[in-house]
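Subject: Handover of a structure and the findings from it

Dear colleague,

Please find below the structure that I am handing over to you. I would be grateful if you kept it open while reading the notes that follow.

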Amino acid sequence: MLVTGGCCVLTGHFRITLLEAFPEFYEDTVSFVLEGMEKNRISLSVWYKILHCFGCSTLNEKSSIQEIESALKKYAENMLLPPDQQIFVSGQPIGSNVKEVLLTLERFHQKFMNKRSSHNIYEVYGLHVKPYGIFLAVLCHSMLSILNENVNQREATKISQLWTSLHRSFYPWLHPARKETCFIFPWCDEELDSARFMFQMFAICLRNFHNKFLGYNCEKCILSYFWSSYVEIYVIPGLRHYSVALCHSECLNLPWDQFHPNSEDLEGMCFVLQSNLLESRDFLAKISLKIPWIEIMKSISETMSPEYVRNTLVTLGKLLIISGLDVSLTKSNLHQNNLKALEELSWYLISVDDTEGLLQLYYSTSDPINLLYEELQNNSDVYVLQFLKIVCCMVVSPSGVDYPHSNAKRLLYLHKYISALTTCISDKKEPILKNPEKLQKVLPSLFTDIEKVIASEKPEQQMTYALPLVNEVIGFLNKITNPKLESLVLDSILLWLKANPRSPLLLPCLQTACRCLNQMTSAVMIVECCITTRFNTDLHHPSEVHGIWQLILTCFQIRSSMLDDFIHACVNKNAFLTLYCYLLDKIPKTTSSESKKMLLMSLTDWINRCEVNENDEAKSLLLWDKVLELSVMLANEDNLQIVKTTLSAFCRKLSLFGEDKSSDGFLGAVGFGRSSVLSVKRMASIHTDIVSCSSVDIREINKQAKNPWRWEWLEKQAEGIHLYEIIRKLNKCGACYCIVCSKELAYGSRGFVALMDHVKSAKHKSFLQTRKEHFALPGSGDKKENGETPYGFPPAYTPFGTCLSL
């Protein structure tokens with residue numbers, strides 16, 4: 001027996017004996033090592049002599065980790081050579097008898113597991129920990145020779161066997177064990193350096209094993225085995241932070257960039273992220289930065305079955321959602337910069353139920369208020385929501401293909417989104433009202449997303465695809481109980497509709513408002529806006545008007561139970577186009593004279609109750625067209641009394657549309673321009689009296705004016721225009737009115753000069769040019785150079801069509 005500090009001669013003889021007769025003395029050597037460690041009767045020099053005999057002749061007591069790893073790597077390379085080509089110091093490598101090695105490793109496992117149950121093995125074995133760790137790594141590397149047993153058939157079972165032996169060999173030295181109600185690591189604080197060295201040996205084995213297994217036909221790589229064991233052993237509460245950190249620091253440098261996790265691995269990652277162990281979650285975040293996710297999924301999609309790909313995608317989706325919701329991990333989340341790459345994956349393979357599960361996972365853990373801050377870059381939810389849009393087909397597929405169940409997934413996305421938003425406004429009403437801009441951006445954003453995804457569909461299918469999606473979005477109005485919030489949301493919808501006159505969502509929005517909204521005022525405002533917006537586009541031919549109205553009528557489906565409230569809301573909101581659309585649908589269905597009388601009386605009443613302003617002038621004439629149509633129908637049926645009464649009201653109403661000796665306004669253009677104190681502009685804009693030379697004594701008005709009014713001023717010209725065409729005298733001392741600028745002018749101190757200065761001003765000229773360009777229909781909001789009204793010229797006025805060029 002060799003004692004510590006023993007004779008160099010004996011040590012030399014021991015080395016020679018091992019070199020010449022090894023591995024015949026293999027079993028004796030193992031027993032010698034164990035007994036020497038147990039009784040502390042083996043010197044470090046003898047330890048390294050043994051390692052030399054095993055094939056690591058360059059190692060000594062002062063060898064660094066890098067030198068040890070290099071020696072073990074070389075040893076591993078030799079082990080993969082055929083036995084007759086392996087080069088070792090001894091005559092025959094230990095790897096030639098793998099069964100002996102496996103038995104030795106199991107013997108070590110049993111011995112040290114028993115020892116650690118009652119002792120601190122790091123304290124017991126002290127200085128022997130480092131050489132034993134190297135010795136253990138050498139034995140594990142020698143098992144690589146089993147890969148040479150059948151070079152042409154590289155079996156996954158070999159890798160499983162290698163992992164099991166490696167894992168069990170190091171287990172007693174690395175991993176915690178439960179003792180009563182807590183977990184105990186095999187080292188104390190004073191032995192952290194020794195424990196770190198054992199972790200380093202374990203990590204070196206993992207790296208070398210992984211590198212040697214590349215290219216082998218194995219369903220599960222060595223890192224996958226390690227990850228499974230990590231989740232099982234370390235993702236448990238009650239572990240000391242610094243002890244777990246030791247594992248993390250040494251295992252972080254494993255080749256994670258070559259790790260291709262399978263479904264089981266992804267499930268383990270989700271389990272880590274759902275735990276409360278910040279250290280493990282941080283460890284996962286760091287290794288996920290190295291994992292080539294996109295490459296992995298593309299490879300799986302090309303090589304594995306659709307069902308396998310589906311399961312893997314679902315699990316990856318869970319991982320992305322959970323990690324994305326962790327604010328502490330957002331900055332280190334690899335996927336936040338890879339959303340475009342994620343679009344390339346085969347998300348269409350996951351089912352509607354899978355999609356619902358992913359949405360439920362997000363909304364069950366996320367604060368709904370984050371929906372209002374989706375555009376903020378520092379909001380972790382933004383990445384998850386963008387990812388969910390990809391999964392739910394709310395973004396246009398790169399291939400342009402709309403796969404089965406795409407619209408069902410979109411509907412799920414919108415339903416969950418709107419439900420969460422409803423919860424948000426219920427719980428956070430006051431903060432939202434203080435800062436309403438965020439809420440006003442939400443629904444327009446959803447409309448834009450819907451518009452983009454259905455734009456790729458065939459025109460005849462767009463309505464079918466869009467209708468259920470729009471129904472979910474506009475249906476949000478039904479869930480709002482606060483009037484102020486409802487008004488905010490409604491305004492945001494109207495603004496988006498007005499800004500998108502060619503959107504394929506106009507008709508779906510119109511139909512949804514008619515059929516689904518509970519508040520008729522909101523429904524009417526959306527319908528009126530959709531119709532107005534649809535006509536605010538260039539019409540290339542008059543026949544297009546009829547086609548547009550026919551399309552609108554197909555969507556104009558008012559619930560019979562809500563019809564009275566709907567009409568009442570139309571009148572209150574001056575929704576002339578909506579009423580006109582109702583009449584287009586109603587009149588052909590009205591057959592009896594009594595029904596026609598009732599409809600005509602109702603129509604006249606609606607017109608009288610509406611407050612016509614300048615912007616609604618052309619729209620209101622459409623209703624009078626229907627008045628005349630019903631009157632002609634009743635006159636042909638000898639119902640002259642109701643016709644006389646109605647037309648008398650019509651003539652009185654015409655006076656309200658006249659403009660003072662000008663052609664401004666639609667009726668002025670067709671010859672009804674006349675001097676009137678009841679002009680539209682007076683009622684809707686200035687709210688003061690316009691006077692004429694015959695209606696008042698101008699001297700009474702001018703009593704206190706420095707420069708009194710003179711009617712002859714209006715006969716003069718400025719910039720080629722007579723002032724009587726644009727200036728009106730107000731029943732007010734020293735004040736007149738410009739109908740072009742809708743502005744009151746003060747002439748009392750400067751007289752006629754004040755009028756001339758105003759007419760020559762750049763602002764007045766700008767307003768005048770605008771009126772000329774938009775002459776066809778005041779207030780329509782669109783230029784019509786051909787002089788056509790955008791809603792269609794009422795048939796009753798077609799004889800005057802040539803007057804539009806005046």
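A residue is called buried when its relative accessible area is under 20%, exposed when it is over 50%, and partly exposed in between. Please also bear in mind that this is a predicted model.

Asparagine 574 is a suitable residue on which to try that definition. Its relative accessible area is 15%, and it is therefore buried. Asparagine 574 sits in the loop that joins α28 and α29. Although asparagine 574 is not a glycine, its phi is positive, at about 55°. Most residues other than glycine have a negative phi.

The helix that precedes this loop, α28, covers residues 563-572, and its buried residues include Phe566, Ile567, Ala569, Cys570 and Val571. Against which helices do the buried residues of α28 pack? They pack against α26 (520-535), α29 (576-586) and α30 (593-609).

Cysteine 393 also deserves attention. This residue has a positive phi of about 60° although it is not a glycine. Cysteine 393 belongs to the loop between α19 (381-391) and α20 (406-427). Its relative accessibility is 14%, so cysteine 393 counts as buried.

The overall picture is as follows. The protein has 806 residues, of which 53% count as buried. Its secondary structure comprises 37 helices and 8 strands. The protein exposes about 36900 Å², and carbon and sulfur atoms supply 52% of that area. Among contacts with a separation of 6 or more, 73% are accounted for by residues 24 or more positions apart.

Three pairs of helices show how such elements can be arranged.

The pair α7 and α9 consists of residues 129-142 and residues 192-213; the two helices pack at an angle of about 15°, with their axes 10 Å apart. Angles under 35 degrees count as roughly parallel, and α7 and α9 are therefore roughly parallel to each other. Their crossing is right-handed. On the α7 side, the residues that meet α9 include Tyr132, Ile134, Leu136 and Cys140, while those of α9 include Phe197, Met201, Ile204 and Phe209. By class, the residues of this contact divide into 12 nonpolar, 4 polar and 1 charged.

The pair α18 and α19 packs at an angle of about 165°, with the axes 11 Å apart. Are these two helices roughly parallel or roughly antiparallel to each other? Angles over 145 degrees count as roughly antiparallel, and α18 and α19 are therefore roughly antiparallel. The crossing of α18 and α19 is left-handed. Thr355, Leu358, Leu359, Tyr362 and Tyr363 of α18 meet Asp381, Val384, Leu385, Leu388 and Val391 of α19. The contact of α18 with α19 has 8 nonpolar, 1 polar and 1 charged residues.

In the pair α25 (residues 506-516) and α27 (residues 543-555), the axes come within 8 Å and cross at roughly 40°. α25 and α27 are therefore oblique to each other. α25 passes α27 in a right-handed crossing. From α25 the contact draws on Leu507, Leu510, Gln511 and Cys514, and from α27 on Leu551, Ile552, Thr554 and Cys555. The contact of α25 with α27 has 6 nonpolar residues, 2 polar residues and no charged residues.

Two further residues may be compared with what has been described above.

Cysteine 251 lies in helix α11 (residues 241-251). Its relative accessible area is 0%, so cysteine 251 is buried. Which residues does cysteine 251 contact, leaving aside its neighbours within four places in sequence? They are Phe226, Trp256 and Phe283. Phenylalanine 226 is 25 residues away from cysteine 251 along the chain, and their C-alpha atoms are separated by 9.9 Å.

Leucine 349 is found in the loop between α17 (339-343) and α18 (352-365). At 27% relative accessibility, leucine 349 counts as partly exposed. Not counting residues up to four places away in sequence, leucine 349 touches Pro306, Val309 and Arg310. The C-alpha atoms of leucine 349 and histidine 405 are 10.0 Å apart, and the two residues are separated by 56 positions along the chain.

Yours sincerely,

A colleague

Notes
Residues numbered from 1 in each chain as written. Predicted model: local features only at pLDDT ≥ 70, side-chain atom pairs only at ≥ 80, totals over all residues. Heavy atoms only, no water. Axes fitted to C-alpha atoms, helices over the stretch in contact; angles between N-to-C directions. Helix = DSSP H or I, 4+ residues; strand = E, 2+ residues; numbered from the N terminus. Parallel < 35°, antiparallel > 145°, perpendicular 65-115°, else oblique. Left-handed = near helix turned anticlockwise from the far one by under 90°. Contact = heavy atoms within 4.5 Å. Nonpolar A, V, L, I, M, F, W, Y, C, P; charged D, E, K, R; others polar. Buried < 20%, exposed > 50% of the residue type's maximum accessible area, 1.4 Å probe, protein only. Areas by Shrake-Rupley, 256 points an atom, 1.4 Å probe, with all protein chains shown as cover.
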